[in-house]
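User: Please take a close look at one part of this model. I want its surroundings, its packing and its place in the domain layout.

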Amino acid sequence: EERKQSLTAEIKRLLKARNAVLVAHYYTDHEIQALAEETGGCVADSLEMARFGRDAQEQTLIVAGVRFMGETAKILSPEKQVLMPTLEATCSLDLGCPVKEFSEFCDQHPDHTVVVYANTSAAVKARADWVVTSSIALEIVEHLDSLGKPIIWGPDRHLGAYIAKQTGADMLMWQGECIVHDEFSAQKLQDMKALYPDAAILVHPESPASVVEMADAVGSTSQLIKASQTLPHEKFIVATDKGIFYKMQQLAPHKTFIEAPTAGNGATCRSCAHCPWMAMNGLEAIYNALSEGSEGHEIFVEEGLRQKALVPLNRMLDFSA
Ligand code: 13P
Ligand code: SF4
């Protein structure tokens, strides 16, 4: 606890001294989210993180999240220094969508519009026509569908299936998944719902269709947080990374939030509702990013690639503006 306090104080000092701001995702540790709030940074979903980083006045962004979030920040703000607590923090969706194979898949369907989730490498974004995050994916696919365009969707198959079902759009799917959300179990959720019949079920659409079908609200992290405030329920069963409980509880202290069950438990679950890569973002790692040399922390995106990836990213930001 003492160590945490001194780390927090040091980080605050270094943020000021280096003209840096902390941009954190809702899945990071509670201490990191609190620190971002206290120091004028942001805690947000992927779309808002991108926008906040782009608009920030500071020279340095400390992106607490996973690698694609740091890359997105750099693509949007090449003049800023973008540091991450660790460059090792990846994402199973990014890992499961190598650019060579994905490009070949796209090349086989040249008449399709390529829509990729933000959870991808800069190289995959550079191959895409549109980038989307979960908070804006439905609207963008609806728009493309209204133009009569068939779509290649990658990499999250569950989010893709949800959007195809909602919009009726013609979508060819890449078969990727998030190891955290893929693990939620509809069968166990039925049992839990029987225990808490009055609870509302909140589900992130990276979850399997069988879990999404049981939801009272489906959406991105920010949309689920909003639902937790606006729905009249007192209890919520939440199928997303448990990092989100910090914000939900902060905004509705009298409400009760319960973790949705995963297929395995204890030693047998792959992620136990917490992303192992998000978990790499400790206070210690943030302190290191600010105090050590930038090696092992700084994000670089090759300029040719950056310019290509910027086009579909800006389409998303302009669409959602
Ligand atoms: P959102 O915060 O955009 O819903 O993204 C969820 C996610 O899995 C990020 O890793
Ligand atoms: Fe990727 Fe899932 Fe982790 Fe988000 S929670 S970074 S989608 S593995």
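Analyst: What follows is a look at helix α4, starting with the helix itself and moving outward.

The model is predicted: local features need pLDDT of at least 70, side-chain atom pairs count only at pLDDT 80 or more, and totals for chains, interfaces and linings use all residues. Residues are numbered from 1 along each chain as its sequence is written, while chains are lettered from A and ligands numbered from 1 in the order in which they are written.

α4 covers residues 67-76. Helices here are DSSP runs (H or I, at least four residues), numbered from the N terminus. 10 of the 10 residues of α4 are buried, so the helix is largely enclosed by the rest of the structure. Buried means that 20 or more other C-beta atoms, placed from the backbone, lie within 10 Å of the residue's own. Charged residues are included: Arg67, Glu71 and Lys74 are buried. Phe68, Met69 and Ile75 are also among the buried residues.

Next, the partner helix. α4 packs against α15 (residues 303-320) at about 95°, and the axes lie 9 Å apart. α4 is therefore roughly perpendicular to α15, a label for angles of 65 to 115 degrees. Axes are lines fitted to C-alpha atoms over the stretch in contact, with angles from 0 to 180 degrees between N-to-C directions. From α4, Thr72, Ile75 and Leu76 take part. They meet Arg306, Ala309, Leu310 and Leu313 of α15. Contact requires C-beta atoms, placed from the backbone, within 7 Å. This α4–α15 contact has 5 nonpolar residues, 1 polar and 1 charged. Nonpolar covers Ala, Val, Leu, Ile, Met, Phe, Trp, Tyr, Cys and Pro; charged covers Asp, Glu, Lys and Arg; the others, Gly among them, are polar.

Now the domain layout. There are three assignments: domain 1 (2-90 + 278-299), domain 2 (93-178) and domain 3 (181-268). The bounds come from an automatic or database domain assignment. The C-alpha centres of domain 1 and domain 2 are 28 Å apart. Their contact uses 9 residues from domain 1 and 10 residues from domain 2. On the domain 1 side, α3 (46-55) and α4 are the elements giving two or more residues. α4 supplies the largest share of that side, 5 residues. By class, the domain 1 side splits into 3 nonpolar, 3 polar and 3 charged.

To sum up, α4 is largely enclosed, crosses α15 at about 95°, and gives 5 residues to the side of domain 1 that touches domain 2.

Methods: Contact = placed C-beta atoms within 7 Å. Parallel < 35°, antiparallel > 145°, perpendicular 65-115°, else oblique. Buried ≥ 20, exposed ≤ 12 C-beta atoms within 10 Å, placed from the backbone.
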